[in-house]
Amino acid sequence: MINQVNSNSTTRADISEVSIKLKTAVGIGLIGLFILLLALLNVQLPYKTSWLAVALLSIIMGVVLYANEMYLNRPAGIKNDGLWFKSLTSRGMLGWSMGILLTSFYIVIYWYPQYLGLDEKNGNSGIVAFFDPFSKLLNGHAASQWFVYGTLYTVAILSFGYKFILKYRHNKYQIVRTISVMFFQLAFAFLIPEILSKLHPEKAYFAKDLKNMWPLNYYFFEDWHLKNLLDGGNLGMFMLLFGIAMIFIISPILTYFYGKRWYCSWVCGCGGLAETAGDSFRHLSDKSEKAWKFERWSIHLVLVFVFITTVAVIYSFLGSNPSYSIITRNTFAYIVSIFLAIVIGTLYFFKRKNMDKDAVYTMVSLGVVMLSVLLLNHFSGKENIFFFESYQLRSWYGFAIGAAFSGVIGVGFYPLLGSRVWCRFGCPMAAILGLQQRLFSKFRITTNGGQCISCGNCSNACEMGIDVRAYAQKGENIVRSSCVGCGICSAVCPRGVLKLENGKEEGRINSDAVLLGNDVDLLNILKQKK
Amino acid sequence: MNHIVIIGNGIAGVTAARHIRKISAHKITIVSAEADYFFSRTALMYVYMGHMKFEHTQPYENNFWSKNKIDLIKDFVSHVDVENKRLHLSVGETIRYDSLIIATGSKPNKFGWPGQDLDGVTGLYHKQDLEYIEKYTLGCKRAVVVGGGLIGIELTEMLMSRNIPVTFLVREKSFWDMVLPQGESEMINRHILEHGIDLKLETGLKEILADENGRAKAVVTDKGETIACGIVGLTAGVSPNIDFLKGSGIEIARGVKVNRFLETNIKNIYAIGDCAEQHEGIGNRRPIEAVWYTGRMMGETVARNICGIPMKYNPGNWFNSAKFFDIEYQTYGWVWATPKENEEQFYWEHASKNICIRIAFEKYSRLFLGVNVFGIRVRHEIFDRILTDKRTVDYVIDNFDKVNFDPEFSTTYNNEIKDAFNQFIHTAKLIQL
């Protein structure tokens, strides 16, 4: 029986044919991009709507055909062959070129949108104009560079999401999670906000993406945005209240039960792009201890930065817009001080055992400094609660963090530093959720007794640069603030060692775990020895 | 403070070094000719396949060793002078030791096949083998892999990842059938074919033919077939890598003979890992166990013995795991390829997917003896407890939902397995408990 099958299986199924199909797929995708390039170069294409549809569909079709050819004609399983050989995915020439292209694209979109054809006075040209009909259809306005960006972003998540699903089609966690990020991008980030703004054409802009909460959306509490929300009728008021509920109620509850993954790898748009289009670059994250140290400083500094910026902005808003204000400056200063004191006090009194000494030290001293500055300035009647003009703080934040870090470096450097640079080193939302995940959550990655062979597939696949193996080979649970719960470490493990779980908080952090194997309680022996 | 020298920087030697460091301040030196730093041997395949780079197989950062005061010497030990407690190295000067741990692992078996030492013929064990394979697969049109075990199928998977067609010669009736029962073994046969491999069962190697440059150009099977190929993988098992100990006075047989304290016949010399041979097998285990996990466990044990806290090597319940292309395999306890007289085996296989489970138990007492799972992940900790607590097969079936370790949302087959088990008990006319 077996020998009969043999004759057909002496070579791998049609290698050359497959590669022609792959080439065709890439070709179709590139034609789509080429049409967009023509539009960018201000070529006046007739029937803009149809050409745009052709361009976007070609891109999607290209990726879909590519994924089909790549994955569907072979058995389901881990597909990482050649990952570190291919130029694109191993920081080769293609990787560098793509990094530079993406970075340039982000620089233009943030600071020189006129090069893309944005012209609010005389009407758009170039690629922005190319998207005008589609934009009018959805939201009733001419397109902006952000509409172009949002559309392409959504196309990327949808098409590469499809590819990701095929790649991990043997793993239901991956399938469900990817459908979730695709849905939240398409509906919550893209369609619903556009349609809502079409329904309320007279209202000034305010954020309508329900899932994009502060501090990821750093302008949520800026004066202009607060004004627009408050002037925005029922919808504005709803967005304001829901936004606040997200921060203080919904997100802490979900993070308690499921860890930060409910947001970072299931809902968030930045995470969505990283998980889909960025999947091919996940292994490029730096796994060294040095990088981890840097990460802990940088992400928490961004958190402090966004916190003081926001407090300063609200403080000055309350001073200059008494008519909009529900609370006075005085009340606000007290609320913020008490909030800060409670958060840091709780962490210090209940959780300091779970934190490194230097982290506790830094946290407490930063807290004391922030509190004293805040109260000092408040009581001396200064306009600026943190010394600097609030508009200056927020323009620095917007430039350095909102644009340069999250966009230019965050996505532009995908092929060089991995897909989660922003999420790991910069995102203040991830910092808050991470702190909670580390200290108040049921989520952990459980390791399976003694089955680890230290191969390193888990660490290699970790987009957040966690050295997963360091825990697995000791039989320790992985409870790290940065873990976004993507589950790829578990998927690529050849020995079934890792499982993402929500369970009892007790014993969740088990840094003195003992590997199964020897029939003796090594732990007791070690303890006696100590 | 004694000087403890460890020959070999694999999992056994390195675990010993780490655990000695945990509980003592002895001077520790590791000598290895293979690599600068400890790496995971089992991950070599992923380097060739491009999943990882070689440095990713190193579980500790390079400064780990100096930070923990573990000295590393890259050299080959040519001779052990047990009288003067000295190691003679190929390149460097001699090293004096107070205690010596031999952890030199294995080397691939060769059974005297004609042509087995030709260019382009390789095993898969050392880092150097990988470099060799890399060199000889360049432009290779076909590969032949000989030997139907874990390393053979890994080498096959590696070569296929580079689009090199592979002929896989397996001497046995079915893949790895001295370990795997028929159901599992045949599932793996089918999976091997599904991956487009030319699997030739019940076919052995007769000889390897050379071209004019002394490079392997074809193999001749014992069925008389000649298969042209650019590289030949010999993966018919491994044996202890201890040639350098001949004549040293250290007692060797197939491996280095050790007692339960992992001591050799010479005081202060120990042997651990693949190269150690127990005087008699512990429980159902073989005297030589070339498995990652036992290497690690012996390392943990020898560290305590050297640090004056005597402890017998006492491996607990048997476990192992592997991956055959896309199919993960875990086993706990003992499941023999052919059940012993007092044993019964329950087997369930998914109708279309590569998923199956086999549970071995005692026919009359229903004592659970062991389990093979393919395509289902289970919890080590729970099966370990079940074995220690001597639970029945019925307990295992009833609690199968608790042992699952698959990713969230995975389809589980607890009910199917339970139904199949009840059916099995019924038809096998065993007592319904």
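Here is a short conversation about helix packing, the core and the chain contact in this predicted model.

User: Why are α8(A) and α12(A) called oblique to each other?

Analyst: Helix α8 (residues 172-199) of chain A and helix α12 (residues 269-276) of chain A have axes that cross at roughly 135°. Roughly perpendicular covers 65 to 115 degrees, and roughly antiparallel needs an angle over 145. The crossing fits neither class, so α8(A) and α12(A) are oblique. The crossing is also left-handed.

User: Which residues meet where α8(A) and α12(A) touch?

Analyst: From α8(A) come A:T178, A:V181, A:F184, A:Q185 and A:A189, and they meet A:G269, A:G271, A:G272, A:E275 and A:T276 in α12(A). By type, this contact has 3 nonpolar, 6 polar and 1 charged residues. Glycine counts as polar here.

User: What makes B:V232 stand out in the largest nonpolar core?

Analyst: That core holds 248 residues, and B:V232 is among those that touch the most other members, along with B:A16, B:I101, B:I102 and B:I272. The helix giving the most to this core is α13 (residues 289-320) of chain A, with 12 residues. Leaving aside residues up to four places away in sequence, B:V232 touches B:G120, B:V121, B:V144, B:V146, B:I208, B:A216 and B:V219.

User: How do you know that chain A is in contact with chain B?

Analyst: A contact needs C-beta atoms within 7 Å, and 51 residues of chain A are in contact with 55 residues of chain B. Elements giving two or more residues to the chain A side include α1 (2-6), α8 and β2 (498-502). That side divides into 19 nonpolar, 23 polar and 9 charged residues.

Terms used:
Residues numbered from 1 in each chain as written. Chains lettered and ligands numbered in written order. Predicted model: local features only at pLDDT ≥ 70, side-chain atom pairs only at ≥ 80, totals over all residues. Core = buried A, V, L, I, M, F, W, Y, C linked by C-beta atoms within 7 Å. Buried ≥ 20, exposed ≤ 12 C-beta atoms within 10 Å, placed from the backbone. Helix = DSSP H or I, 4+ residues; strand = E, 2+ residues; numbered from the N terminus. Contact = placed C-beta atoms within 7 Å. Axes fitted to C-alpha atoms, helices over the stretch in contact; angles between N-to-C directions. Parallel < 35°, antiparallel > 145°, perpendicular 65-115°, else oblique. Left-handed = near helix turned anticlockwise from the far one by under 90°.
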